[in-house]
Amino acid sequence: PVWIVGTSRGTVSATAMAINVHDPAIAGLVLTSSVVRFATPGAVPRQDLKAIKIPVLVYRMRAANPSCA
């Protein structure tokens with residue numbers, strides 16, 4: 001099985017791939033340090049997340065500096 005993995009800006013592409021590529025070899029999606037700022041083009045929350053039909057693991061670290069959240 002193949003898992004799509006994206007970190008930081010890579011989560012934009014990984015999410016788009018999970019939405020648009022329907023290959024039975026893809027077992028799931030892993031997102032770490034996702035781009036979630038809605039104003040950012042392609043940000044994960046702006047995409048059609050309901051269209052993802054594979055298991056998803058989202059890992060988020062708590063920011064040590066509140067301005068980074």
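Biologist: Which residue stands opposite Thr32 in this model?
Modeller: In this predicted model, Thr32 faces Tyr59 of strand E3. A second such couple is Val30 with Leu57, also in E3.

Biologist: What makes E2 and E3 paired strands?
Modeller: At least two bridges are required between two strands. E2 (residues 26–32) and E3 have four, running in the parallel sense, so the pair meets the rule.

Biologist: How do you know that E1 and E2 pair?
Modeller: Six bridges join E1 and E2, again parallel, and the rule asks for at least two. Ile4 stands opposite Leu29 of E2 here. The chain gets from E1 to E2 through H1, in a right-handed β-α-β crossover.

Biologist: Why are E1 and E3 at the edges of the sheet?
Modeller: The order of this open sheet is E1-E2-E3. E1 (2–7) and E3 (56–59) each have a single partner strand, so one side of each lacks a neighbour in the sheet. On average, neighbouring strands are turned by 15° against each other, direction ignored.

Biologist: Why is E2 described as largely enclosed?
Modeller: A residue is buried when its relative accessible area is under 20%. Six of E2's seven residues are buried, so the rest of the structure largely encloses this strand.

Biologist: What makes Arg46 a charge over the ring of Phe38?
Modeller: The cut-off is 6 Å from the ring centre, and within 35 degrees of the ring normal. Arg46 lies over the face of Phe38 at 5.2 Å, so the distance fits.

Biologist: How many aromatic pairs are there?
Modeller: Zero, after searching the whole structure.

How values were computed. Residues are numbered from 1 along each chain as its sequence is written. This is a predicted model: local features need pLDDT of at least 70, side-chain atom pairs count only at pLDDT 80 or more; totals for chains, interfaces and linings use all residues. Side-chain values use heavy atoms; hydrogens and water are left out. Rings of Phe, Tyr and Trp (its six-membered ring) pair if their centres lie within 6.5 Å; planes under 30 degrees apart count as stacked, over 60 as edge-to-face and the rest as tilted. Helices (H or I, at least four residues) and strands (E, at least two) are DSSP runs, numbered from the N terminus. Axes are lines fitted to C-alpha atoms, for helices over the stretch in contact, and angles run from 0 to 180 degrees between N-to-C directions. Buried means under 20% relative accessible area, exposed over 50%, partly exposed in between (1.4 Å probe, protein chains only). A crossover is right-handed if, with the strands pointing away from the viewer, the path from the first strand over the helix to the second runs clockwise.
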